[in-house]
Amino acid sequence: MDAPVTEKPDFSGLSAMYINCTLKRSPELSHTQGVIDRSVAIMEANGVSVDQIRAVDHDIATGVRPDMTEHGWNTDEWPALLRRVLAADILVIGGSIWLGDNSSVTRRVIERLYGYSGVLNEQGQYAYYGRVGGCLLTGNEDGLKHCAMNILYSLQHIGYTIPPQADAGWLGEVGPGPSYLDEGSGGPENAFTNRNVSFMTYNLLHAAAMIRDSGGIPAYGNQRSAWDAGCRPDHANPEYR
């Protein structure tokens, strides 16, 4: 067996955003926040700047446009929240599982993230390029892997890089029973969950550091601006077929 790596990487200067998509408004206890706190503690111990949003506390309009006040809504806090998301190297979406699926709040956040996905960065790539994504989930019924697949697919589709094992969570017994932070649940002490949260967090850090140190995702063959201008590397021109 290989010896463990003991030299600690330098993650200083990285930043992370956690969006808690619980259905519970502050200050009500959020079991999802309990799992998020485990990951945040690792981030902060490694010198990472952490920002957090509890989405349900904000007036986030429904829609898939960057600012829904331009499409009939009277108010929309999402544009201001999005600026905080874009300031982070790492995005972690945390959420609860209901009826085996992601919560309505999680879906709304993903839809609003999607609404900005057509914007380009300074290299002519889609705006979320160069950022890393993961997810954390809680519930006392099945559905964790299904929910993680949905979130991680959505994040990579809009431009986030997804490292290995970028999801973690805790499930209690199927059906009624204690939730993660309830007394006697065993959630905070669960070795399987704690291991997966740790691996997820460090994999996010490693991927974000590698992307940062290499100057971002290389801008070759993936620039929307260049494609629209007719520069299409290794793509045969159909006019000459």
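These entries record what I looked up on pockets, helix packing and salt bridges in a predicted model.

**Entry 1. Largest pocket**

I began with the largest pocket, which holds about 340 Å³ of space. Its lining comprises 20 residues, and I noted Leu144, Lys145, Asp167, Phe192 and Asn196 as those nearest the centre. I then asked which elements give two or more residues to this lining. They are helix H4 (144-158), strand S6 (167-171) and helix H5 (191-213). H5 supplies the largest share, with 6 residues. Sorting the lining by class, I recorded 10 nonpolar, 6 polar and 4 charged residues.

**Entry 2. Second largest pocket**

I turned next to the second largest pocket, for which I recorded a volume of about 280 Å³. It is lined by 20 residues. Nearest to the centre of this pocket are Gln123, Tyr129, Gly130, Gly215 and Gly216. I looked up which element contributes the largest share of the lining here. That element is H5, which gives 3 residues. The class count for the lining of the second largest pocket is 10 nonpolar, 6 polar and 4 charged. I note that H5 thus heads the lining of the largest pocket and also that of the second largest pocket.

**Entry 3. Packing of H2 and H3**

I examined how helix H2 (residues 78-86) packs with helix H3 (residues 104-114), and found an angle of about 80° between them, with the axes 11 Å apart. Angles of 65 to 115 degrees count as roughly perpendicular, so H2 is described as roughly perpendicular to H3. For the contact itself, I listed Trp78, Leu82 and Val85 on the H2 side. On the H3 side, the residues they meet are Val109, Arg112 and Leu113. By class, this contact has 5 nonpolar residues, no polar residues and 1 charged residue. The charged participant is Arg112 of H3.

**Entry 4. Salt bridges**

I searched the whole structure for salt bridges and obtained 4. One pair I followed up is aspartate 51 with arginine 84, whose closest N and O atoms are 2.9 Å apart. Where do aspartate 51 and arginine 84 lie? Aspartate 51 belongs to strand S2 (residues 49-54), whereas arginine 84 belongs to helix H2. The two residues are 33 residues apart, and the pair links distant parts of the chain. Helix H2 therefore enters my notes twice: it packs with H3, and it carries arginine 84 of the salt bridge to S2.

Methods
Residues numbered from 1 in each chain as written. Predicted model: local features only at pLDDT ≥ 70, side-chain atom pairs only at ≥ 80, totals over all residues. Heavy atoms only, no water. 1 Å grid on protein atoms, 1.4 Å probe; cavity = no way out; pocket = protein on both sides within 12 Å on 5 of 7 lines; lining within 4 Å. Points joined across faces, edges and corners; volume = space filled by probe spheres on them. Helix = DSSP H or I, 4+ residues; strand = E, 2+ residues; numbered from the N terminus. Axes fitted to C-alpha atoms, helices over the stretch in contact; angles between N-to-C directions. Parallel < 35°, antiparallel > 145°, perpendicular 65-115°, else oblique. Contact = heavy atoms within 4.5 Å. Salt bridge = Lys/Arg side-chain N within 4 Å of Asp/Glu carboxyl O.
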